[in-house]
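Hi,

Here is the structure I promised to pass on. Have a look at it first, and then read my notes below.

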Amino acid sequence: MDTVAGQPRTLFDKLWDKHVVHQRDDGHTLIYIDRHYLGDDLPRDTFDVLARRGLRVRRPDATFAMADHYASTRGCSINDIIDADRRELVEKLIDFSRAQGVSMFALDAPQHGIVHVTGPEQGLTLPGMTVVCGDSHTSTHGALGAFGFGIGSSEVSHVLATQTLWQKRPATMLARFAGTPAFGVTAKDIALAMIARIGVSGGAGHVIEYAGDAIDALSVEARMTLCNLSIEAGARAGMIAPDEKTYAYLQGRHFAPQGPAWAAAIAEWRALRSDPGARFSREVLLDTARVAPMVTWGTNPSQSAPIDGRVSDVLDLDDPAQRTRLRDALDYMDIRDGQQLEGLPVDRVFIGSCTNGRLEDLRVAAAIFDGRRVKVPTMIVPGSRTVRNAATAEGLDRIFLAAGAEWREPGCSMCLAINGDEGRPGERIASTTNRNFVGRQGRGVRTHLMSPGMAAAAAIAGRLVDYRELLRHAAADAT
Ligand SMILES: CC(C)[C@H](C(=O)O)[C@@H](O)C(=O)O
Ligand code: SF4
């Protein structure tokens, strides 16, 4: 047991303790940051602050930049970004990185992609690291046993200048996922089921550690989907102790340690797990065997139900304020209380994002699309060019195109309609993203969150369907 003064510690405790630079009496702690990703979604002033004070980036070698939110998925060049303001923000990031000696994956580079897809797949995020980015879904990186969290733009400037950050120590929550997920149930469904249970603020102020048989059984990519969605439960971060799967995923990745350094790293990473008897501020237990493929019906990610279920009795609630909020959500979504989800017509389908834009996600979608045609406009956007190239090498692109779907260049795309990809007002979209907020995918657009297989099946049927039947056929064809 790796303990301080004999006390068992959680995975989070171990990471935190190791990164403390200075502890102030008022409860604030200065922590060291190992990895800083710079995205394009930063206010202009973030970079100017350094110039005004004559500061340089403290650790350019620990900082990596990439443009994901504003990247056009129609092409790989800066000129494909039609909007002048957004193009300027990306140019600013390019100029800053160049001037400061920060590596940037250019829009046409083979590594280009969404920060939370590219970072892990390049081996830039490693177990035991503190990882920050001016983006909430930095929680994704916790899937590798890192403490990854989103920071505000003034904090970005602080990290650039000092490689440290003032933080209040968060509380810890253990989410134990027991049982074996049923056929066709994915990390997305488990995450949505958890958020439905604990609510969008259920994890507030906490770092969630996911553990249990169901987590051990998940692939590393699926763990990223789960950790990604921690933010939608209000958590500061999500994390999973590294195991053999984590090491196998990382081995040989470009920036991962090589040779003798690799063996030394693994030896260190093996200590990164919660000690038996370690105390968490809070614990929740979820039975994954009872989870079914989930679909959101409302305007926040906690408002979901199993595909074979109904929008259930929400208006029976006693609390009038809550009732009003739910009525508003149903009105916006043009859905009736008690309505069956299966069969609801959709106008458009989006498969991609840092939640579900990885190779395994595209493989499931391709298995559903194979030999079929889409009924509604469908866009498939890989999370990175590495994912895109791998998918193409496997022939997934041909399946998507033959099905009549669009196969785009990587980026955030229609997850957040600020790059030219968006739905039309009033449209209902089946989407593999993580936020179903009002207007998130375009003005007046209604978003239903679900897994990639479910979204692909919705594209084929033109309505929400239980994809397990199609998945069974696909599995039978493959054998
Ligand atoms: C634009 C950015 C700050 C934002 C985030 O922090 O998550 C975005 O990535 C999102 O998913 O809403
Ligand atoms: S894909 Fe979506 S959730 Fe992820 S970083 Fe981009 S906008 Fe945010």
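One cut-off before anything else: a residue counts as buried if 20 or more other C-beta atoms lie within 10 Å of its own, and as exposed if 12 or fewer do. By that count Ser353 is buried, because 29 other C-beta atoms lie within 10 Å. I'll come back to Ser353 further down, since it turns up around a ligand as well.

Please keep in mind that this is a predicted model. The mean pLDDT of the chain is 96, and 98% of its residues reach 70 or more. The scores are ipTM 0.98 and pTM 0.97. The usual caution still applies: where pLDDT is low, the predicted coordinates should not be read in detail.

Now the overall picture. You'll find 17 helices and 19 strands in the chain. Its radius of gyration is 22 Å, close to the 23 Å from the globule rule for 479 residues, so the chain is as compact as a globular protein of that length. Along the principal axes, the C-alpha atoms fill a box of roughly 55 × 55 × 50 Å. Of the 479 residues, 55% are buried. If you take the contacts between residues at least 6 apart in sequence, 76% of them join residues at least 24 apart.

The chain divides into two parts, domain 1 (11-284) and domain 2 (293-478). Their centres, taken over C-alpha atoms, are 25 Å apart. Domain 1 puts 40 residues into the contact and domain 2 puts in 39. On the domain 1 side, helices H4 (115-121), H6 (187-198) and H8 (220-228) each supply at least two residues. H6 has the largest share of that side, with six residues. Sorted by class, the side of domain 1 that touches domain 2 has 16 nonpolar, 17 polar and seven charged residues.

There are two ligands I'd like you to look at. Around ligand 1 you'll see Asp41, His69, Asp135, Ser136, His137, Gly150 and Leu416. That shell is made up of one nonpolar, four polar and two charged residues.

Ligand 2 is surrounded by 13 residues, the closest being Ser353, Cys354, Cys412, Cys415 and Leu416. Here the split is five nonpolar, six polar and two charged. And where does ligand 2 lie with respect to domain 1 and domain 2? Both domains give residues to its shell, so ligand 2 lies between them. Leu416 is worth a click, as it belongs to the shell of ligand 1 and is also among the closest residues to ligand 2.

Back to Ser353, which sits in helix H12 (residues 353-356). Its phi is positive, about 90°, although it is not a glycine. For background, most residues other than glycine have a negative phi. Asp334 is another non-glycine residue with a positive phi, about 55° in its case. You'll find Asp334 in the loop between helix H11 (320-333) and strand S15 (348-351). Is Asp334 buried or exposed? It is exposed, because just 11 other C-beta atoms lie within 10 Å of Asp334.

Two helices are good places to see how covered an element can be. In H1 (residues 11-19), seven of the nine residues are buried, and they are Leu11, Phe12, Asp13, Lys14, Leu15, Trp16 and His19. H13 (residues 359-369) is mostly covered too, with nine of its 11 residues buried. Among those are Leu359, Asp361, Leu362 and Val364, and also Phe369. Just after H13 comes Gly371, with a positive phi of about 80°.

Last stop: Tyr210, in strand S10 (residues 206-211). It counts as buried, because it has 27 C-beta neighbours inside 10 Å. Beyond its neighbours within four places in sequence, Tyr210 is in contact with Ala175, Phe177, Ile215, Leu226, Gly238 and Ile240. One of these, Phe177, is 33 residues away along the chain, yet the C-alpha atoms of Phe177 and Tyr210 are separated by 7.2 Å.

That's what I have. Shout if anything is unclear.

Cheers

Key: Residues are numbered from 1 along each chain as its sequence is written. Chains are lettered from A and ligands numbered from 1 in the order in which they are written. This is a predicted model: local features need pLDDT of at least 70, side-chain atom pairs count only at pLDDT 80 or more; totals for chains, interfaces and linings use all residues. A residue is near a molecule or strand if its C-beta atom, placed from the backbone, lies within 6 Å of it. Ala, Val, Leu, Ile, Met, Phe, Trp, Tyr, Cys and Pro count as nonpolar, Asp, Glu, Lys and Arg as charged, and the others, Gly among them, as polar. Helices (H or I, at least four residues) and strands (E, at least two) are DSSP runs, numbered from the N terminus. The radius of gyration is taken over C-alpha atoms; the globule rule is 2.2 Å times the number of residues to the power 0.38. Two residues are in contact if their C-beta atoms, placed from the backbone, lie within 7 Å. pLDDT is the predictor's confidence in each residue, from 0 to 100. Domain bounds come from an automatic or database domain assignment.
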